[in-house]
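Subject: Structure handover

Hello,

Here is the structure I promised to pass on. Please open it first, then read the notes below it.

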Amino acid sequence: MRTPMTLPATYYADADHFRREMERFFFGAWVHVGREEQIAKPGDYLLVDLLGESVIVTRNEAGKPRAFYNLCRHRGTRLCDKATGHFKGGKITCPYHAWTYGLDGALLGAAHMDETPGFSKDKFPLRAVAADTWDGHLFLNFSEKPVALREQLAGVWEKFRPWRMEELKLGKRVTYELKANWKLIIQNYSECLHCPVIHPTLKKLSHYMTGDNEAPRNDYLGGHMTLNEGVASMTVSGATKRPLFRHLSDDEKRRVYYYWLNPNLLLSLHPDYMMTHTLWPKAHDRTDVVCEFHFHPEAMAREDFTADDAFEFWDQVNREDWHVSELSQLGIASRGYTPGPYSHRESLLHGLDLVVTGELPA
Amino acid sequence: MRTPMTLPATYYADADHFRREMERFFFGAWVHVGREEQIAKPGDYLLVDLLGESVIVTRNEAGKPRAFYNLCRHRGTRLCDKATGHFKGGKITCPYHAWTYGLDGALLGAAHMDETPGFSKDKFPLRAVAADTWDGHLFLNFSEKPVALREQLAGVWEKFRPWRMEELKLGKRVTYELKANWKLIIQNYSECLHCPVIHPTLKKLSHYMTGDNEAPRNDYLGGHMTLNEGVASMTVSGATKRPLFRHLSDDEKRRVYYYWLNPNLLLSLHPDYMMTHTLWPKAHDRTDVVCEFHFHPEAMAREDFTADDAFEFWDQVNREDWHVSELSQLGIASRGYTPGPYSHRESLLHGLDLVVTGELPA
Amino acid sequence: MRTPMTLPATYYADADHFRREMERFFFGAWVHVGREEQIAKPGDYLLVDLLGESVIVTRNEAGKPRAFYNLCRHRGTRLCDKATGHFKGGKITCPYHAWTYGLDGALLGAAHMDETPGFSKDKFPLRAVAADTWDGHLFLNFSEKPVALREQLAGVWEKFRPWRMEELKLGKRVTYELKANWKLIIQNYSECLHCPVIHPTLKKLSHYMTGDNEAPRNDYLGGHMTLNEGVASMTVSGATKRPLFRHLSDDEKRRVYYYWLNPNLLLSLHPDYMMTHTLWPKAHDRTDVVCEFHFHPEAMAREDFTADDAFEFWDQVNREDWHVSELSQLGIASRGYTPGPYSHRESLLHGLDLVVTGELPA
C-alpha cells in the first residue's frame, strides 16, 4: 500500500493556481459570509468583500436576504463604502448622480434619463448575487446559475439541529491576518496530531487520540473529540458557568464537533457555545480568518455572562496554529519542498487534497 | 436610437491596456508638464517624471526650452536628482565620472575618453526629448518624430488669446493623489450632472443647466458655464477683489470656460484667474493631479492679494470629485460591472470614449 | 578598433532576465554566505536566505559544515526561524509534529509514522544543499551535482595564503540595502576612475592611477592599488595601530588587493585587515550588501583595539558608491538609455560584461 503524500507546491505557492481555485471554490459555490443577525431588519445591510468583490447584503421588505454587486448601473460607481448600515426608506442611492434603487434591486429613479432616447429603468436593476441562509448562517453564491444552498449543504442540512444554531448570538469576534494559503488552515484544523506538540493548554481538556472522524466527503470533513473527565467545555479553566445547550444528547454534551464546510466555514460546536472560523483568502499565501463565538441569548442575559473564558482559550490555540501554518507556507514555497508522507492519523488531510484535486468520488 | 454606453472595464482596470494607452496618449503626443516661468532664465531646470521617465527640462542660452532624458551617455547614470535647480555655468555634469554637457546637450568633457580608441564626443550628446510652449504652458513630446505642437493644439491655438495666459503667474499649487484611472477624472470634469448631488457650494455660483458644450473633438473637449447673477467668480464668497482680465468680452466675463486638452491638461478659465489640472497617470488605477491657480501679476502685486478664495473653493469641489471618481474606479473594477447608459447631458463623456477608442472622426 | 560598450538595459532592468541570471550565477554555482566562525561548534547553526530560499547551515559532529533546505520532509514546515542558534543534543526538531533530524540530516523520529503503511525513515532525510569552506569563508551550492569548490575557486585557491584569512575574526558588520542591480555594485568596485570625483577621502590615501589589474577571468576580476607614501592602511587617518599581517611581502604591505570572486564576494585585503562585501540580490533593482571587517585575533586582543578607523573610512566611501550605483540603476531603466562607451580604464567592467554574457573564453 502506498503512503498518501501531500500535494505539490503549486497548490499553495502559485498565484495563478490560486486564482483558478478561487473561481472554482469561492466564486463557483456558496460561501459563508456571516450571520443573519447582522441584517436583522429590512434595509439593514452588510458589505462583504470577497477577493476585492464588494457585495451589498441586505434584507428586503419581505424579510428575505438579498445581495447585489456594490455598484451603480449608470457609470459603475461603488454605492456604499461603510461596512454596515441601514438604507433609510428602503432606498439605495448612488453617491454620484443619485440613481436610486429598491431593496430588491429595482432602479426607481435616474435624473435626466427619461429624456434619453432608448432608455428604460427596467433594463438597469442592480446586479444580484444569490443569497440564502442555513441555521442562522448567511451564504452568497456568485454563480450565474447557483445550485440550491440546501443541495450544497445536503450532508449537514439537518446534522446540527440539536445545537439550534439559528438561535445563537454573537458574543465575540476577532480577525486574524495569516500569511498562509487557505487550505493550510483547514489542514491544521483537520488533525490533532500536532496538539501535544504545540497546544499545551488544549491537551489538558481533550486528548488528541479521542478524535473520531467521518469518512471524507466533498461537502464537508469532520468529526468529534471527547472532553476529558471533569472538563465541561473548552475554556481557560475547563469549567463553564453557561448552561449546556438543552437539546443535546448526553454524548453530545461530552464532545466538541469540528467540521469544515466546503469551502470556507470551520464550525466548532461546543456543549455551551458555537465557534466559527470564516476563511477569507486574499492571495495564495495570505488569508484573513474571522473567528466568532456565539452563545444562547439566555446565557448572554445573565449578569455574570462573559465570552472571554472561551475566547481566551481559543485565542492562544489559534495563535499557536497560525504560527505553524505560516511556517508551512514558508517551507512549501521553497524549491527544496517535495510532497511528504501523511500518517494514518492525517486521513482528513488526504481527503481534503482529494476534494481539491477533484479525485474524491461524489 | 441606441443609448450610448460607457466603455468596458478593460479601459479602466487592466494594467496592460493602461500601458498601451500610455504609449499612445502620453509617450506618443505632446503632454503638458508645467509653465514657462518654472525655467525663467537660461540654465534653470525642472525635472519631469512621466511614469518613471525622468526628463530634464531647461532653457538654453538662446532662451529656448530644451529637454533631455535624465541620464549620462557614459554608463547611464541619472544626472540630476533634485526637482528644480540651475546649471551653473551652463554645464550639466554627471555625478559619477564628471562627464559634462552643455544646455543644448552636447558632450563637452569626458575624462580619459580621449585615450580610448574609436571614441568621439560628437557621438554622445544627451538624448533629446522635444520641448515647446504655448501661451506660457510647457509641453514635452517623447516621439521620435513629433508633429509640431501647433498642429496638435490647432483647435485651441488662438482660442484663449483674450486671457493672455502667458502673462499669468503661479499663485498656488496643490497635488492630489487619486486612486482612479486618469480618464475618470476627465469624465468627472466633463459633466455637471453630478453637481447638484455632490457640490453644494458650486451650485450656488453656477447652475449645472447653464452649461454649453462644443461638439466633441479629438484634440479637445469643452464648453462654458454661466455664473449666477451677482456672482463675480468661482470663489468661496462668489465675489472677487481681483480685477477681471482686461481683454475679455462682456460674455467672457460672465462665464467659466472648462476645456480638456488631450491628453492631460484641464484648463479652467475664470474671469479673474486660470486654474489648471495636470494629470499624471501612475497606474491603471492611480493618477496624481497637480492643481494650480494662476493670476495676473498686477493682481498679485496688490497688498490684499490672496489666492485662497479661489483655492479653498475649488479644493472642496476637487475633493468631492476625487471621492466619487475613486468610487467609480472601485465599481468598474468589479466582475459585476457592465457598461451603463449615458444620459443626453453626458455627451462629452461619450465623446471622450470615442476619442479613446479612436472612433471619433478626425 | 571598436570602443567596448555597456550592456543593454535588459541586464539591469528586467525582472525575468534577473531570474535567469539568479539561476545561473547564484543557484547554479558556489555562493559566499558567511564565515566559518559563525558555526564554530558542532550543532551551531546559521540561517541563510538567498532570494527567499532559507537554508540551515550547521556543523556536524565530525566538524564538517552541512547545509539543508529549512523545511521538514513531513508537511514542508519551516524548521527554524531564528537567524542563528544551536541545536541542543545535535537534534533538529520540527515545531509542528516534532519530527526529529540529526546534524547530517537523517530522520531520527516521526510520531505515529511507524503505524503508517509503506513508510520508512530512510526515505525522508532533510534535503541537503552542498556546503564547503575556503580559507575560513563559507560557501553553499544549490546545484544537484555541484563541481568541487576548489574547482570553482581554482584561480584564487592559493592566491591569498599570505593573509591567512582563516585565522581572522569578525570585528564589525554592517548591512546596506541598495536600490541597484547586483552587477552595478561589482562594476562600481571594479574601477577607480570615479574616485577623484566622488571619494574625496579615498584619493588622499591611494591614487586612482596606481591601480594594476589582472586580465579578466570568468572566476574572478581584480588587481591592486598602492597606498600613498606615508599611508599605512585605508583608515580615517591613513595610520593604523594594528600590526600588519606578518606573512605579507614588502610589496603586499604597501598595497590593497581588490577582488571580485564570481558571483557575490568582494574581497578587499588590506595590510592589517580584511574587508568583505557579500552581495545578496533581492530583485533586478535591489541588492543587500553585507560589509564586514575582519582582523587578526592578536590585534583584537589588544586593549586599544577598534575596528572603527577602518569601518568609518569605508562606510563613507561605501555610501558614496551606493548613491551613484543607485543613480545608474535609475538611468539605465529609462527608455532613453542606450549602451555607452567604456574608457580604456574600465577594462574590468567590460570583462565582467563578457563573463555575464558568456563571451569571455574559459
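Let me start with the pair made by chain C and chain B. Please keep in mind that this is a predicted model. Chain C brings 34 residues to the contact, and chain B brings 26. Together the two chains bury about 2600 Å². Carbon and sulfur atoms account for 57% of that area. In chain C, the residues that lose the most area to chain B are Leu327(C), Arg335(C) and Pro341(C). Those three make up 25% of what the chain C side buries.

Next, the charged pairs. The interface of chain C and chain B holds 4 salt bridges. One of them joins Glu23(B) to Arg335(C). Their closest N and O atoms are 2.7 Å apart. Arg335(C) is thus worth finding on screen: it is also one of the three residues that lose the most area to chain B. Polar contacts between chain C and chain B come to 15 residue pairs, with both residues at pLDDT 80 or more.

Which elements of chain C give two or more residues to the side that touches chain B? They are α4 (182–189), α5 (195–198) and α8 (308–332). The largest share, 7 residues, comes from α8(C). By residue type, this side of chain C has 16 nonpolar, 14 polar and 4 charged residues.

Now turn to chain A and chain C. Here 34 residues of chain A are in contact with 26 residues of chain C. The buried area is about 2600 Å², and carbon and sulfur atoms give 57% of it. On the chain A side, Leu327(A), Arg335(A) and Pro341(A) supply 25% of the area buried against chain C. No other three residues supply more.

This interface has a count of 4 salt bridges. Among them is the one between Glu23(C) and Arg335(A), where the closest N and O atoms lie 2.7 Å apart. The polar contacts between chain A and chain C number 16 residue pairs, again with both residues at pLDDT 80 or more.

Three helices of chain A each supply at least two residues to the side that touches chain C: α4 (182–189), α5 (195–198) and α8 (308–332). α8(A) gives the most, with 7 residues. The residues on this side of chain A split into 16 nonpolar, 14 polar and 4 charged.

Last, the cavities. How many cavities of 30 Å³ or more does a search of the whole structure find? The search finds 4. The largest cavity has a volume of about 80 Å³.

Two chains line that largest cavity. From chain A come Thr6(A), Tyr12(A), Leu184(A), Gln187(A), Ser325(A), Ser328(A), Ile332(A), Tyr337(A) and Tyr342(A). From chain C come Arg75(C) and Tyr96(C). Both α4 and α8 of chain A supply at least two residues of the lining. α8(A) gives the most, with 3 residues. The lining divides into 6 nonpolar, 4 polar and 1 charged.

If you want a place to begin, try α8(A). This helix gives the most residues to the side of chain A that touches chain C. It also gives the most to the lining of the largest cavity. Then look at Arg335(A) and its salt bridge with Glu23(C).

Best wishes

Methods: Residues are numbered from 1 along each chain as its sequence is written. Chains are lettered from A and ligands numbered from 1 in the order in which they are written. This is a predicted model: local features need pLDDT of at least 70, side-chain atom pairs count only at pLDDT 80 or more; totals for chains, interfaces and linings use all residues. Side-chain values use heavy atoms; hydrogens and water are left out. Contact means heavy atoms within 4.5 Å. Buried area is the accessible area (1.4 Å probe) that two parts lose on being put together, summed over both. A salt bridge is a side-chain nitrogen of Lys or Arg within 4 Å of a carboxyl oxygen of Asp or Glu. A polar contact is a pair of N or O atoms within 3.5 Å; within protein, one must be able to donate a hydrogen and the other to accept it, and residues adjacent in sequence count only if both atoms are side-chain atoms. Helices (H or I, at least four residues) and strands (E, at least two) are DSSP runs, numbered from the N terminus. Ala, Val, Leu, Ile, Met, Phe, Trp, Tyr, Cys and Pro count as nonpolar, Asp, Glu, Lys and Arg as charged, and the others, Gly among them, as polar. On a 1 Å grid over the protein atoms alone, a cavity is a set of points where a 1.4 Å probe fits but cannot get out, and a pocket is an open set with protein on both sides within 12 Å along at least five of seven lines; lining residues have an atom within 4 Å of a point. Grid points are joined across faces, edges and corners, and a volume is the space filled by probe spheres set on the points.
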